[in-house]
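Hi,

Here is the structure I said I would pass on. Have a look at it first, and my notes on what turned up follow below.

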Amino acid sequence: MNQNNFNKLISRQNTYSAKWCNSNANIIPLSVADMDISAPDFIINKLSQFNLAGIYGYTDLSSDWNNVAVNWFKSQYAWHVTPESVVFCPRIIQAVSLYIQNFTQIGDKVTTLSPAYHPISNTVCVNHRQLLESPLIYHNGCYEIDFDDLEYKFKQSVCFILLSPHNPTGTVWQQADLLKIAKLAEKYKVFIISDDV
């Protein structure tokens with residue numbers, strides 16, 4: 001088994017590091033959950049084309065970020081968008097909140113799977129929407145979606161927040177699960193907000 005060198009110091013200056021590039025030299029930034037140790041060698045070798053010194057944390061925007069996003073959509077999904085249509089949002093909680101504000105109305109019901117990462121669920125409540133939780137089933141050491149309950153909730157909802165992989169259980173949803181969710185959402189006209197890591 002390979003071991004990491006946790007004592008190796010790596011400068012994050014000029015790497016678009018959100019944690020270090022904008023910080024005062026006399027302050028240790030602890031506001032961003034970002035590690036300052038190098039990733040394992042096998043990951044670094046796979047990602048070496050990007051020249052990121054082995055740390056892949058939160059970053060600030062480069063000058064051509066929206067063109068990079070446009071090219072990614074085109075090469076990976078054959079989806080053509082304009083750079084102006086790609087919107088940057090620095091944090092997932094704020095992005096979910098903006099989606100809720102723009103695609104639902106006050107009083108609408110929004111479904112999540114529970115347990116759920118509390119700040120995500122809280123965005124529903126602080127935006128004056130009604131939170132419907134569809135409890136996950138713990139079975140044989142794994143969490144599963146109760147699709148009967150989820151369908152019942154979708155019948156009442158206008159929006160569903162999907163965490164993939166799920167937070168806090170760490171469950172990586174299988175393609176079959178995602179397809180079932182998509183079919184239910186299509187059937188009941190439920191808008192999906194997906195937080196994909």
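**What I found**

F6 has a relative accessible area of 57%, so it counts as exposed. Keep in mind as you read that this is a predicted model. F6 sits in the segment that comes before α1 (41-47). Its C-alpha lies 6.1 Å from that of I37, although 31 residues separate F6 and I37 in sequence.

Now the overall layout. The protein chain has 6 helices and 6 strands, and along the sequence they run α-α-α-β-α-β-β-β-α-β-α-β. Of its 197 residues, 31% are buried. If you take the contacts between residues at least 6 apart in sequence, 56% of them join residues at least 24 apart. The chain exposes about 13500 Å², with 54% of that supplied by carbon and sulfur atoms.

On to the inside. The largest nonpolar core has 13 residues, and the ones touching the most other members are L113, I145, L150, F154, F160 and I181. Two or more residues of this core come from each of α5 (147-154), β5 (159-164) and α6 (175-188). There is also a second, separate core, made of 9 residues, with V96, I100, V124 and C159 among them.

L150 is a good residue to click on if you want to see the largest core from within. Not counting neighbours within four places in sequence, L150 contacts T111, L113, S134, I145, F160, I181 and L184. Several names there will be familiar: L113, I145, F160 and I181 are also on the list of residues that touch the most other core members.

T112 is worth a click too. You will find T112 in strand β1 (residues 109-114). Is T112 buried or exposed? Its relative accessibility is 2%, and the cut-off for buried is under 20%, so T112 counts as buried. Again setting aside neighbours within four places in sequence, T112 is in contact with S121, L131, L132, E133, S134, F160 and I161. F160 and S134 therefore turn up in the contacts of T112 as well as in those of L150.

Last, the surface. Which residues form a nonpolar patch there? They are W72, Y77 and W79, which together have about 420 Å² of accessible area. W72 belongs to helix α2 (residues 65-77). With a relative accessibility of 47%, W72 is classed as partly exposed, because exposed would need over 50%.

Cheers

Methods
Residues are numbered from 1 along each chain as its sequence is written. This is a predicted model: local features need pLDDT of at least 70, side-chain atom pairs count only at pLDDT 80 or more; totals for chains, interfaces and linings use all residues. Side-chain values use heavy atoms; hydrogens and water are left out. Patches are made of residues with over 30% relative accessible area and no salt bridge: like charges are joined within 9 Å, nonpolar side chains (Val, Leu, Ile, Met, Phe, Trp, Tyr) within 5 Å. Accessible areas come from the Shrake-Rupley method with a 1.4 Å probe; for residues, only the protein chains shown count as cover. A salt bridge is a side-chain nitrogen of Lys or Arg within 4 Å of a carboxyl oxygen of Asp or Glu. Helices (H or I, at least four residues) and strands (E, at least two) are DSSP runs, numbered from the N terminus. Buried means under 20% relative accessible area, exposed over 50%, partly exposed in between (1.4 Å probe, protein chains only). A nonpolar core is a set of buried Ala, Val, Leu, Ile, Met, Phe, Trp, Tyr and Cys residues joined through side-chain atoms within 4.5 Å. Contact means heavy atoms within 4.5 Å.
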